[in-house]
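Student: Please take a close look at the aromatic rings in this model and at what surrounds them. I would like one connected account rather than a list.

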Amino acid sequence: MSVKHAQPQFSQSQVTEIVKRIFRLTPSEIRSLPSYDDQNFYVATTEGGEYVLKIMNTEDSKNPTMIEVQTCVMTFLHQNGLPVQTALPTSSGELMSLEEMDCGYGCQKYLVRMLTYLPGTMICKVPLTPQLLYETGKTAARMDQVLQELEHPHLSVLDRGKFMWSLSNVPLLEAYINLLDGDPLQEVVNSVILQYKTSVLPRMSNFRKSINHGDFNDLNVLVQPDGSDGHRISGILDFGDMNSGFYIYELAITIMYMMTEHPKPIEVGGPVLAGWESVLPLNEEEKSCLYVLVLSRFCQSLLLARHAVTLHPENTEYLMISSKRGVHILRDLWELGKEHVEKKWFQGAAQFSDRNGEI
């Protein structure tokens with residue numbers, strides 16, 4: 001089966017039937033929500049609850065253990081005070097259901113979960129003030145810190161080997177470099193991959209291990225007004241890219257995605273870094289690799305989005321959201337150079353912390 005056919009195409013009537021049969025709830029409103037390769041629906045019920053019905057693509061549905069671990073992670077984070085969705089049990093007490101459905105290319109099996117709906121606005125829709133960026137860094141670090149305490153018999157499924165979105169697998173991007181043939185950016189991407197091999201790989205043994213959310217991006221972080229002209233984080237979504245990694249990866253990913261939404265991207269690193277280090281101060285080896293890891297994530301986003309577009313041309317706009325602006329930021333960061341960018345980030349973090357009394 002081609003990857004193109006992996007994405008579910010459930011109709012509203014099929015969703016209504018599932019909600020009634022599996023969860024014994026009556027939908028009063030159903031609307032589609034955006035997704036990369038699954039299918040998500042907002043569901044309000046006459047019983048008064050609000051949920052997101054998440055229907056996994058056929059490939060991910062073949063790995064129920066992974067989905068179970070992700071669901072348990074969400075519950076664990078929620079219990080530890082982080083604003084994360086939890087799964088509503090089915091009428092038989094399960095956290096998910098495997099549904100067989102014909103979406104136009106024969107009967108396939110899809111894992112279905114009903115997650116609590118978190119109110120809020122995507123962080124990309126509000127001004128990214130230094131204080132909000134600080135809170136974003138702090139929340140990402142707190143999440144990874146809490147996950148260190150997680151115990152589960154199947155945590156080993158998070159060792160995802162050749163998972164393309166892991167920052168451990170940047171050299172695997174070379175297989176996609178031909179997607180940039182004729183694009184002057186190809187030279188930059190090649191250079192970043194080389195820098196990764198020469199400066200990150202030798203230091204990796206000194207990185208501190210963690211479980212990474214892996215996709216702490218501007219669409220997966222929700223905010224609400226905090227009552228004093230600012231915003232606070234009200235939701236962390238989508239644990240589908242979770243994998244075993246290192247603390248420094250989560251920080252690099254968070255900085256990279258926040259940069260894509262900021263009018264002055266270079267100014268993002270300082271406050272995010274200050275927030276992160278208020279929970280988890282970096283060691284020297286981690287600090288020295290942050291710049292290359294942020295650029296590496298831009299390269300992943302750029303190349304893997306272009307690859308996804310070749311598979312799902314009808315979904316081009318959504319797939320290219322992060323990489324569109326990322327192209328210019330990647331080029332700018334590369335031209336400014338490691339020394340200049342690091343100085344801006346680390347001095348910015350120190351100044352932010354001084355101003356906020358964390359001396």
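Tutor: The account below goes from the ring pairs to the helices, pockets and loops around them.

This is a predicted model, in which local features need pLDDT of at least 70 and side-chain atom pairs count only at pLDDT 80 or more, while totals for chains, interfaces and linings use all residues. Residues are numbered from 1 along each chain as its sequence is written, and side-chain values use heavy atoms, with hydrogens and water left out.

The whole structure holds six aromatic pairs. One of them joins Y134 and F352, whose rings are stacked, at 4.9 Å centre to centre and with 25° between the planes. Y134 belongs to helix α4 (residues 130–147) and F352 to helix α11 (residues 338–355), so this pair ties together parts that are 218 residues apart in sequence. Both Y134 and F352 are buried. Here, rings of Phe, Tyr and Trp (its six-membered ring) pair if their centres lie within 6.5 Å, and planes under 30 degrees apart count as stacked, over 60 as edge-to-face and the rest as tilted. Helices (H or I, at least four residues) and strands (E, at least two) are DSSP runs, numbered from the N terminus. Buried means under 20% relative accessible area, exposed over 50% and partly exposed in between, with a 1.4 Å probe and protein chains only.

Helix α4 itself has 18 residues, which at 1.5 Å a residue should span 26 Å; its end C-alpha atoms are 26 Å apart, so the two agree. The expected span is 1.5 Å times one less than the number of residues. Y134 has buried company in α4, including L133, G137, A140, A141, D144 and L147. An α-helix has 3.6 residues a turn, so residues three or four places apart point the same way.

Both helices of the stacked pair also contribute to the second largest pocket: α4, α7 (269–277) and α11 are the elements that give two or more residues to its lining. The largest share, seven residues, comes from α11. In total 16 residues line this pocket, and E267, P271, K344, G348 and Q351 lie nearest its centre. Its volume is about 270 Å³. By class, the lining has seven nonpolar, six polar and three charged residues. Ala, Val, Leu, Ile, Met, Phe, Trp, Tyr, Cys and Pro count as nonpolar, Asp, Glu, Lys and Arg as charged, and the others, Gly among them, as polar. On a 1 Å grid over the protein atoms alone, a pocket is an open set of points with protein on both sides within 12 Å along at least five of seven lines, a cavity is a set of points where a 1.4 Å probe fits but cannot get out, and lining residues have an atom within 4 Å of a point. A volume is the space filled by probe spheres set on the points, which are joined across faces, edges and corners.

A further group of rings is the cluster in which ring pairs link F207, F246 and Y249. F207 and Y249 are both buried. Their ring centres are 6.5 Å apart and their planes at 80°, so this pair is edge-to-face. F207 sits in the loop between α5 (185–200) and β7 (209–212) and Y249 in helix α6 (residues 247–259), 42 residues apart, so that the pair links distant parts of the chain.

Y249 is also among the residues that line the largest cavity, together with W165, S166, L167, N212, G214, N243 and I253. This cavity holds about 30 Å³ of space, and the search of the whole structure finds one cavity of 30 Å³ or more. Its lining divides into four nonpolar, four polar and no charged residues.

Helix α6 also carries L251, which counts as buried at 0% relative accessibility. L251 and W276 are 25 residues apart in sequence, with 7.2 Å between their C-alpha atoms.

Two other rings have a charge over the face. R31 lies over Y42, at 4.1 Å from the ring centre, and R160 lies over F163, at 4.0 Å. For this, NZ of Lys or CZ of Arg must be within 6 Å of the ring centre and within 35 degrees of the ring normal.
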